[in-house]
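Reader: Please take a close look at one position in a loop of this model and tell me how exposed its side chain is. Then work outward from there to the surrounding elements and the chain as a whole.

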Amino acid sequence: MINIALEGLDELRNNLSGFGRDLNRAIATGINTTAAKVVTAEKEGFKEHLDRPTPFTVNSMGLYKASPGHRAPAALVFIKPIAAAY
């Protein structure tokens with residue numbers, strides 16, 4: 001499992017409090033963009049390292065996106081349970 005933690009987010013948020021909702025939206029967008037790139041890289045890794053992977057296998061990655069309304073926004077990249085059972 002890969003865990004990416006952002007430190008100093010509260011301090012940055014306090015320093016830029018005048019931006020309010022725009023800052024929260026920008027942080028969530030950055031996290032979501034990074035998570036989407038992880039999904040793309042994992043799919044490419046499947047194609048590169050597995051022998052003739054099926055579309056079922058390649059498309060087994062899931063993503064829960066970060067929401068700008070949360071105090072500590074986070075995205076989750078995972079393998080869907082139906083594919084993980086195989």
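Author: Arg-52 counts as exposed because its relative accessibility is 72%, and the cut-off for that class is over 50%. The model is a predicted one, and the values below are computed from it. Arg-52 sits in the loop that joins helix 2 to helix 3, the latter covering residues 55-58. The backbone of Arg-52 has a phi near 50°, which is a positive value in a residue that is not glycine.

On one side of that loop is helix 2, which spans residues 21-49. Two residues of helix 2 can be set beside Arg-52. Ala-41 belongs to helix 2. With a relative accessibility of 49%, Ala-41 is classed as partly exposed, because the exposed class requires a value over 50%. The C-alpha atom of Ala-41 is 13 Å from that of Ile-79, with the two positions 38 residues apart along the chain.

Asn-32 is also placed in helix 2. Its relative accessibility is 16%, so Asn-32 counts as buried; the limit for that class is under 20%. With residues up to four places away in sequence left out, the contacts of Asn-32 are Lys-65, Ala-66 and Ala-75. Ala-66 is also touched by Ala-28, whose other contacts on the same terms are Ser-67 and Pro-68.

Ala-28 and Ala-66 both belong to the largest nonpolar core, a set of six residues that also holds Leu-9, Leu-23, Ile-27 and Ile-31. Helix 2 gives four residues to this core, the largest share.

Ile-31 also serves as a reference point for the loop before helix 2. That loop, between helix 1 (9-15) and helix 2, holds Leu-16. Leu-16 has 28% relative accessibility and therefore counts as partly exposed. Between the C-alpha atoms of Leu-16 and Ile-31 there are 18 Å, for a separation of 15 residues along the chain.

A further exposed arginine is found in another loop. Arg-71 lies between strand 1, residues 61-64, and strand 2, residues 76-79. The relative accessibility of Arg-71 is 61%, so this residue counts as exposed. Exposure does not leave Arg-71 without partners: setting aside neighbours within four places in sequence, Arg-71 is in contact with Asp-10 and Arg-13. Toward the end of the numbering, Ala-85 is 14 residues from Arg-71 in sequence, and their C-alpha atoms are 34 Å apart.

These parts can now be put in order. The chain holds four helices and two strands. Read from the N terminus, the elements follow the order α-α-α-β-β-α.

As for overall dimensions, the C-alpha trace spans about 50 × 20 × 20 Å along its principal axes. The radius of gyration of the chain is 16 Å, whereas a compact globule of 86 residues would have one near 12 Å. Among the contacts with a separation of 6 or more, 38% join residues that are 24 or more positions apart.

The surface totals give the setting for the single residues described above. Buried residues make up 21% of the 86 in the chain. The exposed area of the chain is about 6700 Å², and 56% of that area comes from carbon and sulfur atoms. Charged side chains number 10 positive and 8 negative, and the centres of these two sets are 10 Å apart.

To return to the starting point, Arg-52 is an exposed residue with a positive phi, placed in the loop between helix 2 and helix 3. Helix 2 itself supplies four residues of the largest nonpolar core, and it also contains the buried Asn-32.

Terms used:
Residues are numbered from 1 along each chain as its sequence is written. This is a predicted model: local features need pLDDT of at least 70, side-chain atom pairs count only at pLDDT 80 or more; totals for chains, interfaces and linings use all residues. Side-chain values use heavy atoms; hydrogens and water are left out. A nonpolar core is a set of buried Ala, Val, Leu, Ile, Met, Phe, Trp, Tyr and Cys residues joined through side-chain atoms within 4.5 Å. Buried means under 20% relative accessible area, exposed over 50%, partly exposed in between (1.4 Å probe, protein chains only). Contact means heavy atoms within 4.5 Å. The radius of gyration is taken over C-alpha atoms; the globule rule is 2.2 Å times the number of residues to the power 0.38. Accessible areas come from the Shrake-Rupley method with a 1.4 Å probe; for residues, only the protein chains shown count as cover. Lys and Arg count as positive and Asp and Glu as negative; His and the chain ends are not counted. The place of a charge is taken as NZ of Lys, CZ of Arg, CG of Asp or CD of Glu.
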